Amino acid sequence: VKRMKKTISLLSVAMAFIMCLFGNATSVLAFDDPGNTVTPYYDYTQYVTSNLNITSSGRATVTIHCSGASSSVTKIKAETCIQRKVGIIWVKTDIGTSDDYWYDTANSVVLNASHSAQLSKSATYRAKTVFTVYTANDSEKITMYSGTDSY
């Protein structure tokens with residue numbers, strides 16, 4: 001009986017952990033487009049991109065774009081950083097700003113921006129952009145990663 005109580009207690013803890021781990025997951029709807037790729041569905045956003053290009057001398061350029069899905073979008077903000085791959089993790093790298101982020105705002109339905117920085121180490125990099133799309137009464141956050149590039 002004592003061993004059974006201990007087993008049930010361990011199972012309860014494991015189940016609680018799993019529920020906490022997956023209980024806060026955000027669901028994303030998607031549809032299959034003709035190109036056989038899965039495209040995420042957002043409430044207020046039609047299209048987002050983040051592209052990274054690095055020259056052979058280590059000059060990185062990040063280009064971002066976000067289009068609102070309707071005229072109800074009033075503002076779009078973006079926070080962009082460049083991350084360097086270190087082993088199996090990605091770490092934010094120096095881009096010459098005080099906190100190593102670029103901030104952009106558009107008081108319209110479209111945001112376009114481009115930024116450049118000189119990288120100090122040869123490595124594999126990606127850009128990470130967090131877009132926040134606002135309507136009069138709501139907002140949504142979208143995290144977009146560029147493809148990787150190296151020098």
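# Notebook: strands, core and loops

I began with the secondary structure, and the protein chain comes to 1 helix and 11 strands. The model I am reading is a predicted one, and I keep that in mind for every value below. Going from the N terminus, I read the elements as α-β-β-β-β-β-β-β-β-β-β-β, with the helix ahead of the strands. The protein chain has 151 residues, of which 32% count as buried. I also looked up how far contacts reach along the sequence: among those between residues at least 6 apart, 60% join residues at least 24 apart.

**Entry on the open sheet.** I followed 3 strands that form an open sheet in the order 3-4-8, with antiparallel pairing. Strand 3 and strand 8 are its edge strands, each pairing on one side only. Direction ignored, neighbouring strands of this sheet are turned by 10 degrees against each other on average.

I then went through the pairing of strand 3 with strand 4, which is antiparallel and runs over 9 bridges. Two positions I checked along it were Asn51, which stands opposite Thr63 in strand 4, and Ser50, whose bridge partner in strand 4 is Ile64. The hairpin of these two strands has 4 residues between the strands, and there I noted Gly58 with a positive phi near 95 degrees.

**Entry on the nonpolar core.** Which residues have the most contacts inside the largest nonpolar core? I found Leu52, Ile82, Leu111 and Phe131 in that role, in a core of 26 residues. The strands that each supply at least two residues of this core include strand 3 (45–54), strand 4 (59–68), strand 5 (73–86) and strand 7 (102–106); strand 8 (110–118), strand 9 (124–135) and strand 10 (139–145) do so as well.

I took Leu52 for a closer look and, leaving aside residues up to four places away in sequence, listed what it touches. Among its contacts are Ala60, Thr61 and Val62, Ile82, and Tyr125, Arg126 and Ala127. Leu52 also touches Ser146, Gly147 and Asp149.

**Entry on the aromatic rings.** I found 1 aromatic pair in the structure. Tyr101 and Tyr103 form this pair, with 6.1 Å centre to centre and 35 degrees between the planes, and the arrangement is tilted. Tyr101 has 24% relative accessibility and therefore counts as partly exposed; Tyr103, at 49%, counts as partly exposed too, because exposed would require over 50%.

A separate ring that I looked up is that of Tyr134, over which the charged end of Lys75 sits, 5.5 Å from the ring centre.

**Entry on two loop residues.** Is Asp100 buried or exposed? At 18% relative accessibility I have to enter Asp100 as buried, because the cut-off for that class is under 20%. Asp100 lies in the loop between strand 6 (89–92) and strand 7, and its phi is positive, about 65 degrees, although Asp100 is not a glycine.

For Asn137 I noted a place in the loop between strand 9 and strand 10. Its relative accessibility is 77%, so Asn137 counts as exposed. I also looked up how far Asn137 is from Val73: the two are 64 residues apart along the chain, and their C-alpha atoms are separated by 9.8 Å.

Notes:
Residues numbered from 1 in each chain as written. Predicted model: local features only at pLDDT ≥ 70, side-chain atom pairs only at ≥ 80, totals over all residues. Heavy atoms only, no water. Phe/Tyr/Trp six-rings, centres within 6.5 Å; stacked < 30°, edge-to-face > 60°. Buried < 20%, exposed > 50% of the residue type's maximum accessible area, 1.4 Å probe, protein only. Lys NZ or Arg CZ within 6 Å of the ring centre and 35° of its normal. Core = buried A, V, L, I, M, F, W, Y, C linked by side-chain atoms within 4.5 Å. Contact = heavy atoms within 4.5 Å. Pairing = 2+ DSSP bridges. Axes fitted to C-alpha atoms, helices over the stretch in contact; angles between N-to-C directions.
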